[in-house]
Amino acid sequence: MSSVQELTLFSPYKMASFDLAHRVVLAPMSRCRSLNGIPQPANVEYYTQRTTPGGLLISEGTCISPTAPGFPHSPGIFTDEQINAWKKVVDAVHAKGGVFFCQLWHCGRSSSQAVYQPRGIAPVSSTDNPISSKCEIHLPDGKYGQFSRPRRLSSAEITSVVDDYRQASINALKAGFDGVEVHGAHGYLIDQFLKDGVNDRIDEYGGNLTNRCRFVVEILRSICSAIGSDRVALRISPTIEIMEATDSDPMSLGLAVIGELNNLPRLAYLHVTQPRWVARLNGDEEEEIEMMLKWKEAYQGCFMGSGGYTKELGMKAVAGGDVDLVSYGRFFLSNPDLVQRFKTDAGLNPYDKDTFYTYDPVVGYTDYPFMKTEQ
């Protein structure tokens with residue numbers, strides 16, 4: 001039997017300069033528990049609960065600047081108070097032997113001018129076209145509203161946003177994080193530049209694939225020069241159409257991004273999300289799998305898969321060399337000891353969608369039981 005066939009979710013992995021004890025990763029998940037943008041004691045407990053020695057955790061989306069928010073009570077990493085609050089979380093994770101990356105987030109047009117933007121300014125984007133009324137934004141009072149019309153960033157302004165990403169990465173390391181994951185997926189700002197269904201620019205940041213990739217490449221180059229490429233990662237979702245972020249050729253988009261990454265200093269990993277559950281319903285799962293395999297083959301580095309993986313699907317993907325790491329979201333939310341449950345083939349707690357985005361510091365956040373307290 002070959003060494004590839006012997007690999008499992010529990011095989012160790014060398015990710016850049018980090019020695020991971022297993023390949024089960026905590027996926028980034030916005031959960032609205034950082035009141036007024038400041039991580040709380042509940043955040044410390046939540047991440048610590050899910051830490052294993054040598055395990056990789058990725059933080060929830062963390063706003064890089066005052067213009068970045070588009071979701072209630074999401075943490076930031078642009079003030080001293082936020083940095084110091086994150087330090088308590090990171091220190092607790094490190095005390096248990098975990099590796100912790102901070103996901104850097106800018107929502108772009110996926111925001112509300114009146115609710116989330118400083119001084120009521122328009123949110124920024126690659127375009128001035130808003131997300132339609134078919135989609136709704138989550139508001140702090142628990143209700144839903146409409147997304148605001150964005151303001152198209154000028155070429156000159158893009159430089160300042162790149163600088164915000166760079167400073168946020170420096171701030172993340174000040175807080176003690178081991179590295180950063182740039183959120184380039186799920187319809188947020190970078191995805192708004194990448195996808196031709198949103199990006200209608202005619203300057204050097206729009207049009208062909210090279211131009212549409214320019215923004216994220218400039219961000220990555222800037223961050224790598226600030227903190228080192230082995231502490232930098234990227235998440236993309238070429239096939240996902242959240243918040244009307246669509247592309248006419250997801251396969252080519254993914255390959256274009258990967259081609260650009262292969263010309264940069266080697267990143268810690270590339271994190272690719274696929275809407276496996278949607279593909280299964282639409283009968284497109286085979287096409288999605290084929291795209292993931294081609295992207296994995298093209299990428300010259302650590303490849304992390306995410307989206308609808310069970311333990312069995314994760315084991316199969318790792319054993320077949322289809323991915324190097326697998327990130328789990330909802331299962332890791334409802335099972336703080338997910339790694340141990342996977343190892344022992346124990347049953348899983350069901351997750352409660354109704355409490356995903358509440359602000360309670362316990363309910364639906366830190367109260368999911370471990371195996372020993374399950375009964």
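The following exercises concern salt bridges and one helix pair in a predicted model.

Residues are numbered from 1 along each chain as its sequence is written. In this predicted model, local features need pLDDT of at least 70 and side-chain atom pairs count only at pLDDT 80 or more, while totals for chains, interfaces and linings use all residues; side-chain values use heavy atoms, without hydrogens and water.

**Exercise 1.** Determine where Asp-91 and Lys-87 lie and whether each is buried or exposed.

*Solution.* Step 1: a salt bridge requires a side-chain nitrogen of Lys or Arg within 4 Å of a carboxyl oxygen of Asp or Glu. The whole structure holds 10 salt bridges by this search, and Asp-91 with Lys-87 is one of them, with the closest N and O atoms 3.1 Å apart.

Step 2: both residues belong to helix α3 (residues 80–95), four residues apart, about one turn of the helix. Helices here are DSSP runs (H or I, at least four residues) and strands likewise (E, at least two), numbered from the N terminus.

Step 3: buried denotes under 20% relative accessible area, exposed over 50%, and partly exposed the range in between (1.4 Å probe, protein chains only). Asp-91 counts as partly exposed because its value is 38%; Lys-87, at 37%, is also partly exposed.

**Exercise 2.** Establish which parts of the chain the salt bridge of Asp-247 and Arg-212 ties together.

*Solution.* Step 1: the N to O distance between these side chains is 3.0 Å.

Step 2: Asp-247 is in the loop between β11 (232–236) and α7 (250–262), and Arg-212 is in helix α6 (residues 209–227), so the pair joins parts 35 residues apart in sequence.

Step 3: Asp-247 is buried at 11% relative accessibility, and Arg-212 is buried at 6%.

**Exercise 3.** Describe how α6 and α7 cross and which residues meet.

*Solution.* Step 1: the axes, lines fitted to C-alpha atoms over the stretch in contact with angles from 0 to 180 degrees between N-to-C directions, come within 10 Å and cross at roughly 45°.

Step 2: angles under 35 degrees count as roughly parallel, over 145 as roughly antiparallel, 65 to 115 as roughly perpendicular and the rest as oblique; α6 and α7 are therefore oblique to each other.

Step 3: with contact taken as heavy atoms within 4.5 Å, the residues of α6 that meet α7 include Leu-209, Arg-212 and Leu-220, and those of α7 include Ser-252, Leu-253 and Leu-261.
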